[in-house]
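Please look through the structure shown here with me, keeping the sequence beside it. My notes are numbered, and each takes up one topic.

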Amino acid sequence: MEVKELGHIVLYVRDLDRSVRFYRDVLGWRQILPADDEELGFPAAAFSSASGRTHHELLLIEVGPDAA
């Protein structure tokens, strides 16, 4: 099943690289913001669905391995 639109979701993740691989490589989402802290000032990655209706629909923010 292809996801057409998600809306806007922010997920706080422990391991950004692992999460990026899942959403990009397994689910096939298009990554539009690199997984580094250059652009936002903190480690994050943004994704858009195939429709591309919004700038980003999914934002992953890394909180580190010790997060609750």
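1. Ser48 counts as buried because its relative accessibility is 0%, where buried means under 20% relative accessible area, exposed means over 50%, and partly exposed lies in between, all with a 1.4 Å probe and with protein chains only. Ser48 has its place in strand E3, and its C-alpha atom is separated by 6.5 Å from that of Gln31, although the two are 17 residues apart along the chain.

2. Before going further, please keep in mind that this is a predicted model, in which local features need pLDDT of at least 70 and side-chain atom pairs count only at pLDDT 80 or more, while totals for chains, interfaces and linings use all residues. Residues are numbered from 1 along each chain as its sequence is written, and side-chain values use heavy atoms, with hydrogens and water left out.

3. How confident is the predictor? The pLDDT, which is the predictor's confidence in each residue on a scale from 0 to 100, averages 81 over the protein chain, and 74% of the residues score at least 70. Confidence is lowest in strand E2 (residues 30-36), with a mean of 74, and highest in E1, with a mean of 93.

4. The protein chain has 1 helix and 4 strands, and these follow the pattern β-α-β-β-β when read along the sequence. Helices (H or I, at least four residues) and strands (E, at least two) are DSSP runs, numbered from the N terminus. Of the 68 residues in the protein chain, 29% are buried. Contact means heavy atoms within 4.5 Å, and among the contacts with a separation of 6 or more, 46% are between residues 24 or more positions apart.

5. Why is strand E3 described as largely enclosed by the rest of the structure? The reason is that 5 of the 5 residues of E3 are buried. In a regular strand the side chains alternate between the two faces of the sheet. In E3 both faces are covered, with Ala44, Ala46 and Ser48 buried on one side and Ala45 and Phe47 buried on the other.

6. Strand E4 (residues 58-62) is mostly covered as well, since 4 of its 5 residues are buried. Two strands pair if DSSP finds at least two bridges between them. Strand E1 (residues 9-13) runs parallel to E4 and is joined to it by 5 bridges, with Ile9 standing opposite Leu58. Strand E3 (residues 44-48) pairs with E4 in the antiparallel sense over 4 bridges; here Ala44 stands opposite Ile61, and Phe47 has Leu58 as its bridge partner in E4.

7. Which residues does the helix touch elsewhere in the chain? Ser19 has its place in helix H1 (residues 16-26) and counts as buried because its relative accessibility is 14%. If neighbours within four places in sequence are left aside, Ser19 is in contact with Val13 and Leu60. Tyr23 is also placed in helix H1 and, with the same neighbours within four places left aside, is in contact with Leu11, Gly28, Trp29, Phe47, Leu58 and Leu60. The C-alpha atoms of Tyr23 and Leu60 are separated by 9.8 Å, although these residues are 37 residues apart along the chain.

8. Asp15 lies in the loop between E1 and H1, and it is partly exposed because its relative accessible area is 37%. The C-alpha atoms of Asp15 and Leu60 are 9.7 Å apart, with these positions 45 residues apart along the chain.

9. Side chains of opposite charge can pair when their charged atoms come close. A salt bridge is a side-chain nitrogen of Lys or Arg within 4 Å of a carboxyl oxygen of Asp or Glu, and a search of the whole structure finds 1. Arg24 forms a salt bridge with Asp25, and their closest N and O atoms are 2.8 Å apart. Arg24 counts as partly exposed because its relative accessibility is 34%.

10. Finally, the surface: the accessible area, from the Shrake-Rupley method with a 1.4 Å probe and, for residues, with only the protein chains shown as cover, comes to about 4,700 Å² for the protein chain, of which 52% belongs to carbon and sulfur atoms. Val10, Tyr12 and Val63 form a nonpolar patch with about 290 Å² of accessible area together. Patches are made of residues with over 30% relative accessible area and no salt bridge, like charges being joined within 9 Å and nonpolar side chains (Val, Leu, Ile, Met, Phe, Trp, Tyr) within 5 Å. Tyr12 is found in strand E1 and is exposed because its relative accessible area is 59%.
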